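Let's take a relaxed walk through a protein model together. Keep the picture open while you read.

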Amino acid sequence: MTATAVTAALALGASAPASADAAAPGDARPGAESAGDRLFPYLGNGGYDVESYDVSFDYRPASTTMRSAVRISASATQELSAFSLDSAGQTVHTVAVDGLPARFAVRGEKLLITPRYPIRKRARFRVDIRFTTDRAARIPSPASPGSPSNLDAWYNKDDGFALFGQPDRAHMFFPMNDYPADKARATFRVTVPNGLQVAANGTLRSRTASAGRTTYVYGTRDPIPTQVVQVAVGHFRRIRQTGPHGLPLNSHVTTGSYDRAKPFVDLVPSQIAWVEREIGAAYPYEAYGVLGVKGGYAAAFESAGLSTFSAEAGLTKPEETPTMVHELVHQYFGDAVSEKSWDDMWISEGHATYYTLRYKDMLGLEPYAEAVRRAYVYDEDNRGITGPPGRLKDPLDVLGSTNAPGFLMLHGLRLKVGDAAFRAIERTFFERYRHKAASTQDFIDVADEVSGRDLAPYIRSWIYGDKTPPMPAAS
């Protein structure tokens with residue numbers, strides 16, 4: 001955005017905030033600087049729940065730095081004398097809480113904030129931060145110090161950029177509470193030179209041109225996890241479709257790949273209809289689409305409401321169409337139903353893999369029985385190295401070592417309880433935790449309730465067992 005727009009967006013009030021007592025609460029204390037996660041103990045913050053992020057980026061092609069701002073709306077879960085946010089690769093200029101300048105400091109990947117007045121428990125409060133972000137920053141994950149990641153967070157292009165924050169780098173984009181259980185609505189205000197386009201989570205709310213630059217505003221209706229935020233700038237062609245039940249579909253494909261990618265984008269409505277039938281529930285967000293970016297990109301990515309692919313590698317080859325379904329299923333499991341902790345990542349990857357392999361079988365690309373055999377051999381070969389999916393040894397294995405065992409557990413569960421009961425478990429679990437966070441125990445509780453059986457030993461053997469359980473069979 002322009003300097004004037006940044007200033008206007010972050011104008012500070014002068015009166016005492018409604019969230020402050022006239023006298024400081026006697027039991028006010030700093031919020032925790034961690035969500036207490038076993039795999040990623042440096043992620044997340046305590047003492048509050050975020051309700052929304054309103055982020056502004058001012059993109060200029062000649063520079064990798066961007067003037068930026070974020071307004072965070074949150075509610076306190078305790079009396080707060082101070083609190084923290086996850087933040088990396090940014091230069092923070094000013095912080096205000098409820099319109100009043102606040103003291104702040106940066107320590108490691110934490111932005112520590114002390115408001116002028118303590119914040120009452122259950123009070124809603126607002127945090128305004130002006131900062132500069134550098135898209136050239138490459139900050140390795142603390143989960144693997146000393147070894148540079150093979151996945152960038154910022155994917156810079158000659159005409160823009162795209163994001164990939166999973167699992168623990170999203171706070172390189174803007175200060176946030178970077179933990180899957182604390183989902184929030186997101187608004188993105190991105191200003192670019194005329195001729196470039198912007199795609200982001202949610203739907204396009206407005207587009208305003210002035211003095212050779214255009215500001216795009218996207219927003220989400222529903223809360224999303226921070227790990228799946230997406231903002232992309234580039235030369236895109238927009239593809240509009242209509243999905244089941246009148247669902248708006250808005251896809252964006254880099255112009256150079258449009259002709260080859262369009263037939264694959266045309267599959268999206270039928271893919272949504274197939275997934276809805278399989279899970280037994282309507283697509284969970286207000287809109288959907290796919291984003292095909294130019295050049296290399298990390299991998300297919302389940303950014304909420306806008307699954308992201310390398311246009312050339314992911315949207316132009318028939319053998320990649322099941323991956324489109326994989327990311328679509330993540331909209332249900334992983335995005336709408338997020339993990340309560342990173343030890344619950346199988347909920348996301350196991351479900352996406354299960355339905356993808358059923359889809360591949362339907363297309364005749366791979367017999368389902370062969371997929372089961374292949375996944376079983378993989379788990380037998382790797383579980384002793386990686387650990388079970390619910391107790392992984394290496395944090396960064398969450399993106400690859402939870403797929404096969406999660407899939408096999410779901411496959412065996414269907415054999416155990418039968419098709420009708422399995423579908424009822426899946427539908428009930430999804431509907432109960434849609435737009436919330438769920439744990440492995442939550443899934444067990446639903447499975448037991450719906451089936452009328454004690455399925456905990458079976459499910460736990462696949463999620464927590466040191467050895468691969470026996471090949472699933474009907475019982």
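## Starting at an exposed loop

Arg-122 counts as exposed, at 65% relative accessibility. "Exposed" means over 50% relative accessible area, "buried" means under 20%, and "partly exposed" is in between (1.4 Å probe, protein chains only). Arg-122 sits in the loop between β8 (110-114) and β9. Strands like these (E, at least two residues) and helices (H or I, at least four residues) are DSSP runs, numbered from the N terminus. Phi of Arg-122 is near 75°, a positive value in a residue other than glycine. Most residues other than glycine have a negative phi, and most peptide bonds are trans.

Before going further, a word on where this comes from. This is a predicted model, where local features need pLDDT of at least 70 and side-chain atom pairs count only at pLDDT 80 or more, while totals for chains, interfaces and linings use all residues. Residues are numbered from 1 along each chain as its sequence is written, and side-chain values use heavy atoms, with hydrogens and water left out.

How confident is the predictor? The score to look at is pLDDT, its confidence in each residue, from 0 to 100. The protein chain has a mean pLDDT of 94, and 93% of its residues reach 70 or more. Over residues 1-14, though, the pLDDT is below 50, and this stretch has 24 contacts in the model beyond near neighbours in sequence. A contact means heavy atoms within 4.5 Å.

## The eight-stranded sheet

Follow β9 out of that loop and you're in an open sheet. Eight strands form this sheet, in the order β6-β5-β9-β3-β2-β12-β15-β14, and the pairing is mixed. Two strands count as paired if DSSP finds at least two bridges between them. At the edges are β6 (100-101) and β14 (203-210), each pairing on one side only.

What are the partners of β9 (residues 124-134)? Strand β3 (residues 65-76) pairs with β9 in the antiparallel sense over 11 bridges, and here Val-70 stands opposite Ile-129. Strand β5 (residues 90-97) pairs with β9 too, antiparallel over seven bridges, with Val-97 opposite Val-127.

Ile-129 turns up again in the nonpolar core. The largest such core has 128 residues, and those with the most contacts inside it are Phe-125 and Ile-129. A core here is a set of buried Ala, Val, Leu, Ile, Met, Phe, Trp, Tyr and Cys residues joined through side-chain atoms within 4.5 Å. A second, separate core of nine residues includes Leu-43, Trp-342, Met-345 and Val-398.

## The four-stranded sheet and its helices

The model also has an open sheet of four strands, in the order β17-β18-β19-β20, with mixed pairing. β17 (236-242) and β20 (307-310) stand at the edges with a single partner strand each, so one side of each has no neighbour in the sheet. β17 and β18 (residues 248-254) pair in the antiparallel sense over seven bridges, and Phe-236 stands opposite Thr-254 in β18.

Which residues of helix α2 (residues 258-265) are buried? They are Tyr-258, Ala-261, Phe-264 and Val-265. Seen down the axis of α2, these fall within an arc of 120°, so they line one face of the helix; the arc is that of the directions from the helix axis to the C-beta atoms. An α-helix has 3.6 residues a turn, so residues three or four places apart point the same way. The cover over the buried residues of α2 includes β17, β18, α3 (268-279), β19 (290-293) and α5 (321-332).

α5 itself is mostly covered, with 11 of its 12 residues buried. Among them are Met-324, His-326 and Tyr-332. After α5 comes Gly-334, whose phi is positive, near 120°.

## A few loop residues

Here are three loop residues side by side.

| Residue | Loop | Relative accessible area |
|---|---|---|
| Asp-98 | between β5 and β6 | 14%, buried |
| Ser-257 | between β18 and α2 | 2%, buried |
| Ala-299 | between β19 and β20 | 36%, partly exposed |

Asp-98 has a positive phi of about 50° although it is not a glycine. Leaving out residues up to four places away in sequence, Ser-257 touches Ala-311 and Glu-312, and Ala-299 touches Phe-164 and Thr-308.

One last loop to find lies between β11 (160-163) and β12 (185-193), and Pro-167 is in it. The peptide bond from Gln-166 to Pro-167 is cis, with omega near -5°.

Key. pLDDT = per-residue confidence, 0-100.
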